[in-house]
Amino acid sequence: METMSAIALSTASDDALAAMLAARGAPAFRLAQLRRATWQPFVGGLGEIRQLPAGLTAALGQELLFSTVEVAAESEADQGLTVKLLCRLADGQTIETVAMETPARGEARRRSTVCVSTQVGCAVGCPFCATGRMGLRRSCTPAEVVDQVRAAASALHRRRLGPVTHVVYMGMGEPLAAYATTVASLRVLTGPAGISARRITVSTSGVVPAIHRLADEGIGCTLAISLHAATDELRDRLVPLNRVHPLASLVDAGTRYAARTGRRLSLEWCLIGGVNDSPEQARALAELARRARAHINVIPMNHIEDSPWGPPDRRTEVAFLGGLDGVTVTVRDTRGADTDAACGQLRAALEQRRMLRPDGTLSPPRAVAAV
Ligand code: SAH
Ligand code: SF4
């Protein structure tokens, strides 16, 4: 039985694991076996580590948690290329994790991007975001972030898809408000998990002091700033944190981050019809992006329950994109929109259908497959 004081395998130090093994009389080489198995997507529990004697894994299970997340539900979109996981944490809270497979095309190799949550809910309260409506319940632990990547890797493996190549911190929560969790999880993902920092993106709504700190950590992941507005007046409304850290200080921090890390800055723009899709905003955004040498990512807004807002019509979107001269722009397809796959939406949809009980278990599923 796993006990409450158990430590998490994915973030346990070598010293802690070595001591645990030694206390059970296991030889030192067991450490490397345990470490290797941690990152193998076909290993689903301590008891499935075939190299280790069953007696040893049973004993380790007393104080070692194989994973801190349990997949409570899975749903698929895009013919199975997008897999959305509802992950239950030890205290019954639930968070969302999404894995998106992009098959190889031409010169481009296949990639598999996992989107992780860093908090249960979020305190920032952007009015277009489903997670913002929940308020903040708590931050995740570093292991809960790392274990989302492991759970996603195993969900991909079960579908005979390849390993995780990219990680984006774009799920529920504000990664830089959960700073210690974000940095500790980045160190594990870029260290023992073997994912290059160049393939990891942290998205922030603009916690300026934390951007400066992250720039000095020596990690070197990409930073994405959720801009959504190019004037303080509009941004104060769309991203309430702007009232504390206004645009100029945010753009400065982003530019310094890019200079310190050598990583190109990304600016995210959730395009909302009639709100931030004007030619004036496009012009101001383009100028800002040129100055910061940033790349722009436009995401037409995913409609959320009870919101008067939504994506603009196609013509307005095209006109907005046309106004972004001299900058590189990608339009993110809203993957998985057909299964409530946008930020915070699977959970919200389940709660609304009264399928998600307060303890994080599911009542009989209809729209999603419980696993
Ligand atoms: N809190 C962080 C990271 C999580 S949100 C941040 O805000 O950057 C990840 C991205 O999804 C952000 O750019 C966010 O603005 C965007 N987003 C949130 N709700 C959305 C919606 N309804 N439609 C489209 N994008 C949305
Ligand atoms: Fe929080 Fe990001 Fe949602 Fe804003 S968009 S409420 S910062 S999760």
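Around ligand 2 sit Cys122, Val124, Gly125, Cys126, Cys129, Gly132, Gly173 and Ser205, where a residue counts as near a molecule if one of its heavy atoms lies within 4 Å of it. This shell divides into four nonpolar residues, four polar ones and no charged ones. In that split, Ala, Val, Leu, Ile, Met, Phe, Trp, Tyr, Cys and Pro count as nonpolar, Asp, Glu, Lys and Arg as charged, and the others, Gly among them, as polar.

A word on ground rules: this is a predicted model, in which local features need pLDDT of at least 70 and side-chain atom pairs count only at pLDDT 80 or more, while totals for chains, interfaces and linings use all residues. Residues are numbered from 1 along each chain as its sequence is written, chains are lettered from A and ligands numbered from 1 in the order in which they are written, and side-chain values use heavy atoms, with hydrogens and water left out.

Taken as a whole, the chain holds eleven helices and 14 strands, these being DSSP runs (H or I of at least four residues for helices, E of at least two for strands) numbered from the N terminus. Of the 371 residues in the chain, 54% are buried; here buried means under 20% relative accessible area, exposed means over 50%, and partly exposed is in between (1.4 Å probe, protein chains only). The chain exposes about 16700 Å², and carbon and sulfur atoms supply 52% of that area, as worked out by the Shrake-Rupley method with a 1.4 Å probe. Contacts (heavy atoms within 4.5 Å) reach well along the sequence: among those with a separation of 6 or more, 66% join residues 24 or more positions apart.

Helix H2 (residues 30-38) is a good place to look inside. Seven of its nine residues are buried, so the helix is largely enclosed by the rest of the structure. The buried ones are Arg30, Leu31, Gln33, Leu34, Arg35, Ala37 and Thr38. They pack against helix H1 (14-23), helix H3 (54-60), strand S2 (64-65) and helix H4 (142-158).

Arg150 has two aromatic partners. Its charged end sits over the ring of Phe66, 4.6 Å from the centre, and Arg150 also lies over the face of Trp39, at 6.0 Å from the ring centre. For such a call, NZ of Lys or CZ of Arg must be within 6 Å of the ring centre and within 35 degrees of the ring normal.

Two strand residues come next. Ala77 lies in strand S3 (residues 70-77) and counts as buried because its relative accessibility is 3%. Its C-alpha atom is separated by 9.5 Å from that of Met100, 23 residues apart along the chain. Tyr169, in strand S9 (residues 166-169), is buried too, at 1% relative accessibility. Leaving out residues up to four places away in sequence, Tyr169 touches Val116, Thr118, Val145, Pro175, Thr182, Ser185, Leu186, Leu189, Ile200, Thr201, Val202 and Ser203. From Tyr169 to Leu223 the C-alpha distance is 9.7 Å, with their positions 54 residues apart in sequence.

The loops have their own points of interest. Most residues other than glycine have a negative phi. His228, in the loop between strand S11 (222-226) and H7, has a positive phi near 65 degrees and is buried, with a relative accessible area of 6%. His245 lies in the loop between helix H7 (232-238) and helix H8 (247-261) and, at 17% relative accessibility, counts as buried. Setting aside residues up to four places away in sequence, His245 touches Gly206, Val207, Val208, Pro209 and Arg235.

Arg293 has a positive phi as well, about 50 degrees. This arginine is found in the loop between helix H9 (279-292) and strand S13 (295-300), and at 68% relative accessibility Arg293 counts as exposed. Arg264 belongs to the loop between H8 and strand S12 (266-271) and is partly exposed, at 46% relative accessibility. Arg264 and Arg293 are 29 residues apart along the chain, yet their C-alpha atoms are separated by 7.3 Å. Beyond residues up to four places away in sequence, Arg264 touches Thr222, Leu223, Arg293, Ala294, His295 and Thr328.
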